[in-house]
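User: Please take a close look at one helix in this model. A plain account of its surroundings is enough.
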Amino acid sequence: MRLKHLALGLAVVTAAPAAAATAQAADGLYVPLFTYRTGPYAGSGIPVSNGLADYLNMLNARDGGIGGVPIIVDECETGYDTKKGVECYDSVKGKNPVIINPFSTGITLQLIPKAAVDKVPILSMAYGLSASADGNLFPWIFNPPDTYWDGAAAFIRHAADVEGGFDKLKGKTIGLVHLDAPYGREPIPLLQALAKDYGFTLKLYPVPGAQMQNQTALWLDVRRDRPDWIYLQGWGAMNPTAIKEAAKIGFPMNRLVGVWWSGSDDDARPAGAAAKGYSSLDINAVGSNFPAIQDIIKYVVDKGKSQVASKDKVGENFYDRGVMMAVLSAEAIRTAQKLTGKKQVTGEDVRRGLESLNITAAGWKALGLEGFAGPIHLSCADHNGHDAVALVQWDGTKWEKQPGMIEPIKDKVLPLIQSAAEDYVKANAGWPKRTEACDKSS
Amino acid sequence: MRAPSSREVRLGEALLAVENVSLAFGGVRALTDVSFDIRKGEIRAIIGPNGAGKTSMLNVINGFYPPNTGRITFKGEARTTMRPYAAALGGIARTFQNLALFRGMTTLDNIMAGRALKMHRGFFWQLIRHGPALREEVEHRRRVEEIIDFLEIAAIRKVQVGRLPYGLQKRVELGRALAMEPDLLLLDEPMAGMNLEEKEDMSRFILDVNQQYGTTIALIEHDMGVVMDLSDRVVVLDYGRKIADATPDEVKCDKNVIRAYLGEPHGISA
Amino acid sequence: MLYREVGQYKTSYAADMAIFPILQDRIGLAAILLIAFVVIPLVGHDFLLNTVMIPFLIFTLAAIGLNLLTGYTGLLSLGTGGFMGVGAYACLKLTTIFPHVNIVIWVLASGLFSAAVGVLFGLPSLRIKGFYLAVATLAAQFFLEWCFIRIPWLYNYSVSGAIEVPLRTLMGIPVTGPTATSLTRYLIVLSIVVVMTWVASNLVHGRIGRTWMAVRDMDLAAELVGIRLLRAKLLAFAVSSFYCGVAGAMMVFLWYGGAEAEVFAIDQSFLVLFMVIIGGLGTLTGSFFGAALIYILPIVLREIPAALGLPVHPSTVEQLTFVIVGVLIIVFLALEPNGLARLWQIGKQKLRVWPFPY
Amino acid sequence: MDILYKIFIDPFVQMGTAPDLLVQTLWDGLVAGVLYALIALGFVLIFKASGVFNFAQGIMVVFAALTLVGLHEHGVPAFVALGLTVLVMLVLAVGVERLMLRPLVNQSSIILFMATFGLTYFLIGAGQIVFGGSPKVMIASDLFLPSGAIEFKGLGGFVSLQKIDIAAVIIASVMVGVLAVFFQRTRIGRALRAVADSHQAALSVGISLEQIWVIVWFAAGVVAIATGILWGARSEVSFALQIIALKALPVLVLGGLTSIPGAIVGGLIIGIGEKLGEFYWGPLLGGGIENWLAYVIALGVLVFRPQGLFGEKIIERI
């Protein structure tokens with residue numbers, strides 16, 4: 001029985017991807033989505049995955065795809081597990097994907113070296129490797145609209161604004177509560193540089209993954225050190241626990257600011273009213289009051305083609321984050337179609353499309369998403385944009401967008417990106433030189 | 001002190017001497033001030049009713065338990081504590097009342113394991129298992145096959161010992177002990193639970209070992225008939241104390257011994 | 001009637017002690033090697049090589065490593081992930097400091113470092129046994145995990161905190177890094193795994209293997225036949241960690257091509273332990289079966305709905321995969337607690353007496 | 001010199017100069033310890049009576065909490081939902097006994113351990129299919145669990161006791177007490193102990209092993225419900241909660257796998273020890289050490305007492 005099983009299995013494994021590869025290449029734009037709705041981080045993964053898939057499905061239902069070519073949306077469940085992510089990549093790369101959203105920093109790191117070889121552009125929207133913003137060294141990787149360093153810099157600017165100027169930061173103590181993993185440690189070098197420049201003290205509060213829901217001792221440290229501000233770079237169950245603990249020690253909520261991945265509705269909701277005043281950086285608007293999102297409800301959710309648990313989840317902060325990922329992917333494809341004049345574009349075309357991506361305020365409006373996000377403009381050299389970010393504040397039950405946008409401190413961030421990118425290339429001996437030409441429009 | 005045994009002539013000097021050994025677990029005294037010796041080449045029996053401390057005595061001799069007081073002289077060297085490993089190195093081998101075989105291994109491997117101390121080829125030869133390592137393996141295999149033939153267990157050579165019947169397991173355990181080529185062989189109830197035929201076989205093996213290889217043997221046994229037939233001298237323990245130490249015939253008539261065994265008269269009348 | 005040992009007489013002890021004494025087994029082995037070295041490279045595409053075969057072989061090696069410790073020596077360890085990580089980070093440091101030495105040598109040498117760490121954390125095993133020891137090895141696991149994250153020197157101070165794998169070549173052909181083809185990497189992994197499996201089989205069939213099994217089956221009696229327990233246990237920890245370390249180094253350098261510390265987390269330890277138990281404790285073939293079942297089966301299960309064209313959402317497939325794997329584990333254990341290797345043996349036994357039932 | 005000062009003197013100076021923080025640390029350690037003990041208790045119950053090291057205890061916590069919250073989401077009143085959850089855990093216990101333990105009876109402990117991994121996989125998959133992967137908010141207030149804090153001024157600062165933590169300590173203590181009484185005083189409890197000592201003995205006095213298994217798995221399930229409610233109220237109810245079960249392992253080792261008092265004392269030592277260690281010595285190593293510190297504490301104890309503090313002494317007879 002077992003032998004038969006194995007034989008069947010082997011047959012499936014050998015045959016399936018090959019068969020699928022020939023079938024799907026011709027008649028659509030193959031867009032694999034690495035999503036996760038399972039595992040310990042599913043809480044953060046579900047809303048983003050839903051927004052991402054629903055928007056693309058809506059384009060298919062409403063417009064028949066992009067430029068008349070249907071999008072083949074193919075979700076691959078990663079469970080936020082790098083191993084499965086790589087498995088997903090290997091299973092889709094034979095099917096000529098035009099763009100890949102890995103939706104995990106760990107998986108992105110695996111794919112960065114492979115992308116150039118396999119000619120697949122990677123869109124890691126506001127996550128992944130900060131250094132990959134450098135288009136000259138990372139022609140195939142895109143991480144708009146901001147890197148984690150932009151986020152941390154924007155937080156410092158916000159703190160300075162509230163305190164009354166950058167000079168007021170001198171002598172202040174700023175804490176970073178972060179997941180003790182590469183993702184969480186990402187802002188450290190930038191904050192260290194800024195601490196030197198502006199004269200504040202940086203305190204680090206690492207949360208090991210296994211301690212996500214057990215942070216009491218750490219917040220006692222916070223109570224002892226009394227930092228003036230805290231920046232939270234957490235993920236999954238770490239966020240709600242941190243917010244609850246902060247409330248417990250009486251930390252002033254309006255001095256607690258999260259990166260955009262710490263701003264899920266599920267992060268603040270468990271603390272409820274106690275989290276009032278907690279704010280989070282944001283790169284997209286919140287809510288479903290946009291024509292395009294109403295279209296999603298009309299064409300996808302109401303038709304029962306969405307995975308969302310209930311309609312009121314549409315328009316939550318992380319759902320809209322997923323929509324934004326989808327918009328950037330779709331617009332990159334559209335730009336590629338314009339650039340090349342063909343409808344059935346390839347990964348190489350979409351890479352060019354991403355480098356020429358330009359969504360102005362008017363562009364957002366035309367998409368039915370007026371004011372949904374700031375203008376996005378990428379170029380050959382700049383794969384990020386380092387755009388201004390918004391701030392949203394929890395009012396006890398939902399997120400409220402705060403007026404104004406916060407510019408990251410570009411003159412501090414850019415040199416750091418430059419040197420980090422060079423270090424990366426040095427560490428990865430044999431890193432290929434960029435051979436891809438730049439388009440005029442980019 | 002003792003009446004001369006019929007075989008006294010061929011017995012040499014004391015191989016092992018136990019002097020004033022006491023052992024207690026918590027408040028329970030297992031052995032109290034026990035002294036006796038085992039001479040080179042003899043078969044020494046240790047008997048006594050259940051709970052008399054016989055197994056504890058063996059455990060002290062081969063180092064499982066350090067005695068609380070007293071000392072043990074083995075091959076002229078006195079010591080109070082010793083690890084079982086050191087006992088093995090010194091040439092003491094042992095079988096157990098309830099079997100202590102490597103149940104997941106084959107008969108062959110069990111007996112080969114008995115050669116552990118005699119095999120010396122290093123780790124790196126073992127990695128490739130050719131050349132010296134293989135030659136050594138073959139050489140010891142030859143030696144082990146002799147023991148297998150001697151114990152008549154060739155048919156079960158490659159059977160996992162956990163699946164063997166009890167009597168055969170006892171034999172394999174004896175084989176493992178023999179593979180160590182010990183100077184002193186401790187047998188803890190080698191015939192427990194055996195039928196008459198198996199007992200006869202086992203008695204034959206024990207006598208053969210004693211005579212062919214000149215191995216000194218100390219054995220614990222309940223079956224008085226066996227004890228009388230096999231042993232040169234007998235130590236009798238009761239409640240952890242030595243109550244007699246003489247030839248089998250003398251022990252049989254000792255009134256202390258008879259009193260100690262009154263609870264189980266069948267033991268002595270067998 | 002094909003599978004018969006009748007008429008195959010051994011004329012020397014050396015022949016009798018061969019690891020595959022039966023002719024048909026030797027032919028089978030040759031066939032498997034032929035398939036692995038020739039057929040799969042000829043027909044294999046990237047998915048088969050990179051997603052199925054390479055990880056399968058790497059996990060097999062790790063499972064063999066853990067099997068030497070848990071299956072052969074009876075010491076339960078949950079630190080496998082950590083020991084694999086030591087190998088990976090050691091390999092990174094070695095190839096960074098000595099970039100001109102062949103990477104394959106470093107992959108193997110990195111095992112020595114995890115062997116050393118394994119010995120260190122194996123020291124308590126003299127006193128601590130069973131589940132208590134398992135939890136003690138968790139101390140190693142969590143401490144090592146912390147080191148991988150907290151000691152930037154280990155990951156060459158890279159900003160991402162991840163291991164970044166540089167390009168290394170062997171006779172001019174890229175072996176690691178993005179330009180190395182999956183075929184090259186597959187052949188290297190396969191060669192290492194085959195050689196190390198052969199070595200492991202030599203060890204367990206000789207004096208050292210008997211020593212380990214004796215410690216496993218009854219450590220007091222083992223000491224009595226002259227086996228030094230601490231030495232035997234530490235040797236088992238060392239060899240086992242060596243295997244795990246090499247597996248870890250291969251995992252990062254020849255499979256992932258870069259990794260975060262997270263891949264060496266506790267889950268990895270559990271995964272390898274499953275493979276060992278399901279495959280069969282104390283059998284090397286079992287490690288292959290275990291790795292196949294635990295690693296390849298979920299991949300197959302995930303591909304089935306798509307292959308059959310069933311409209312099941314991938315997240316549901318994933319959840320169902322969990323359910324099915326969970327049930328299968330229990331079913332297999334109930335069917336044959338001694339593992340798949342035992343089932344395999346029973347199958348062979350049946351074949352031996354075929355067509356007669358007994 | 002400086003480093004020696006930081007290790008041996010500075011922490012104690014801090015304890016002296018900021019006694020409020022010391023008291024707060026001890027209190028938080030106590031709460032954490034009690035909660036660890038609660039998870040460990042689930043392990044001990046099953047291990048004691050069936051020799052199974054139940055790896056699925058963590059996922060049972062998640063499963064219990066999700067069932068409770070999930071039922072409430074569907075409009076079932078909180079306490080009815082609680083009752084139904086208890087029922088679900090009973091069904092689970094019966095199912096485990098029938099479908100998992102019975103076919104594996106008389107297998108070695110590592111095989112049973114492995115089987116509980118299978119159970120874990122099954123529950124992860126089944127739980128996500130039924131409840132989805134989204135995190136949920138524990139219905140603490142519907143269960144009349146208090147919120148807010150009591151603050152004591154003084155000691156050069158303040159000490160804040162969360163009411164939910166106080167409730168947790170009380171609930172955990174009551175559960176432990178009830179279980180202890182159950183084990184010591186009732187007929188079933190004595191039967192359970194008989195099973196722990198010897199399956200043969202239990203059978204000979206006419207106790208069905210199957211019933212015992214159902215009872216201990218059910219008891220562990222009830223403990224899982226309490227754990228799920230209390231931990232869930234501290235953060236959120238999601239599948240990440242199963243990670244917390246790993247914290248029980250050093251506690252178990254420290255206390256001994258078979259001892260209920262051991263689980264409690266072990267929990268307290270680990271809870272208080274790791275909080276003190278993290279708070280006063282953690283910053284020297286850059287923080288985040290409490291994860292392995294717990295295991296190192298346990299390992300240190302094991303080297304001197306291989307059976308844990310309260311475990312039955314391992315007597316090796318031969």
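Which residue just after α10(D) takes a positive phi?

Analyst: The model is predicted, and local features need pLDDT of at least 70, side-chain atom pairs count only at pLDDT 80 or more, while totals for chains, interfaces and linings use all residues. Residues are numbered from 1 along each chain as its sequence is written, and chains are lettered from A and ligands numbered from 1 in the order in which they are written.

The residue is G256(D), with a phi of about 100°. Helix α10 of chain D covers residues 248-255 (helices are DSSP runs of H or I with at least four residues, strands runs of E with at least two, numbered from the N terminus). In this helix 8 of the 8 residues are buried, so the rest of the structure largely encloses α10(D). Buried means 20 or more other C-beta atoms within 10 Å of a residue's own, exposed 12 or fewer, partly exposed in between, with C-beta atoms placed from the backbone.

The buried residues begin with A248(D), L249(D) and P250(D). V251(D), L252(D), V253(D), L254(D) and G255(D) complete the set. Their packing partners come from two chains: α6 (130-150) of chain C, and α2 (19-50), α11 (260-281) and α12 (290-304) of chain D.

Chain C also meets chain A, where 43 residues of chain C are in contact with 46 of chain A (contact: C-beta atoms, placed from the backbone, within 7 Å). On the side of chain C that touches chain A, α3 (46-72), α12 (284-308) and α13 (314-335) of chain C each supply at least two residues. α12(C) gives the most, with 9 residues.
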